[in-house]
Every structure is written in structure tokens, then in C-alpha cells.
Amino acid sequence: MQPRLSVIIPVFNGSHYLDQAIQSVLAQTFEDWDLLLVDDGSLDGSATICAQYAGAYPEKIRCLEHPGHANRGQLASRLLAAKQARAKTVALLDQDDVWNPNYLKDHWEIWKLSQSKE
């Protein structure tokens, strides 16, 4: 089934805080999402963390990376994920940020309101 929101997290050497960002997505009260973690050529344990979460939540979390494990930057990583997103609407989260548990619910409500005014 296609989720209503795809969450995108570009990851570059974020092993120290990536777990908190992912946990904040998993804790959302709005549950109709998938998460795309894009490893941008990390040299620390970030790719392992991404793979562990994808293995634990295969129906919700996917890992992507650039060919050759290249470092292409945050914009290129977000674009790579956007092309692979299952939902028509995306939410962006940085690897060192966390969301409150109602963030996606609020995000979805704002998006729905903006669509009804067009």
C-alpha cells in the first residue's frame, strides 16, 4: 500500500545523532509514512545504522545511496530519495534534527488545507 507521506533523511557521517532522528520518525502519531535514508558516502558507521533500521522495519524504511557510495551532497541525496518516494508528498528531516510526535500529523493537516484552497 502506498503511504501518504515519504520522509527523506540525507545522511553523511551522522552516526552520533542519526538514531535520534530515526527514532523521532518512528514515534510519530501519524503512521502513514515511509522513510528513505540516503547515505551520502559516509565514512563512519552511518550506513550500518541505516541498514539496521531498514532490516528491522522493511515495510517502513528503505536505504539508498549514490552509485559507488559517492558523496554528492544534501540536495542530490534529497533528489535521489524524491525519485524513489512512494508518496506524492514528502517531508524533509535532517540527520541531526528530531521531530515532536505530532509533527507529521500537523504537516499533513497543513498540506491538506493548502490543497483545498487551490
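Trainee: Arg-62 lies in strand β3, so what makes Arg-62 count as buried?

Mentor: Buried means under 20% relative accessible area, exposed means over 50%, and partly exposed is in between, with a 1.4 Å probe and protein chains only. Arg-62 has 17% relative accessibility and therefore counts as buried. Strands are DSSP runs of E with at least two residues, helices are runs of H or I with at least four, and both are numbered from the N terminus. Bear in mind that this is a predicted model, in which local features need pLDDT of at least 70, side-chain atom pairs count only at pLDDT 80 or more, and totals for chains, interfaces and linings use all residues. Residues are numbered from 1 along each chain as its sequence is written, and side-chain values use heavy atoms, with hydrogens and water left out.

Trainee: Which residues does Arg-62 touch, not counting those up to four places away in sequence?

Mentor: With contact meaning heavy atoms within 4.5 Å, Arg-62 touches Asp-34, Leu-35, Leu-36, Leu-37, Gln-84, Ala-85 and Arg-86. Of these, Leu-37 is 25 residues from Arg-62 in sequence, while their C-alpha atoms are 6.2 Å apart in space.

Trainee: Why is there no disulfide between Cys-50 and Cys-63?

Mentor: A disulfide is a pair of cysteine sulfur atoms within 2.5 Å. The sulfur of Cys-50 has its closest cysteine sulfur in Cys-63, at 4.8 Å, which is too far for a bond, and by this rule the count is zero disulfides. The two residues can also be described by accessibility, as Cys-50 is buried at 2% and Cys-63 is partly exposed at 33%.

Trainee: How do you know that the buried residues of helix α2 are on the same side?

Mentor: In α2, which spans residues 46-56, the buried residues are Ser-46, Ile-49, Cys-50, Tyr-53 and Ala-54. They cover an arc of only 130 degrees around the axis, which puts them on the same side of α2; the arc is that of the directions from the helix axis to the C-beta atoms. Those buried residues pack against β1 (5-11), α1 (18-26), β2 (33-39) and β3 (61-65), whereas the face turned away from the buried side carries the exposed residues Gln-52 and Gly-55.

Trainee: What makes the pair of Trp-99 and Tyr-103 stacked?

Mentor: Rings of Phe, Tyr and Trp (its six-membered ring) pair if their centres lie within 6.5 Å, and planes under 30 degrees apart count as stacked, over 60 as edge-to-face and the rest as tilted. A search of the whole structure finds four aromatic pairs. Trp-99 and Tyr-103 are 4.4 Å centre to centre with 15 degrees between the planes, and this pair is stacked. The rings of Trp-108 and Trp-111 have centres 5.1 Å apart and planes at 25 degrees, so this pair is stacked as well.

Trainee: Where do Trp-108 and Trp-111 lie, and which cluster do ring pairs link them into?

Mentor: Both lie in helix α4, three residues apart, about one turn of the helix. Ring pairs link Trp-108 and Trp-111 with Phe-30 into a cluster. Within that cluster, Trp-108 is buried at 9% relative accessible area, whereas Trp-111 is partly exposed at 32%.
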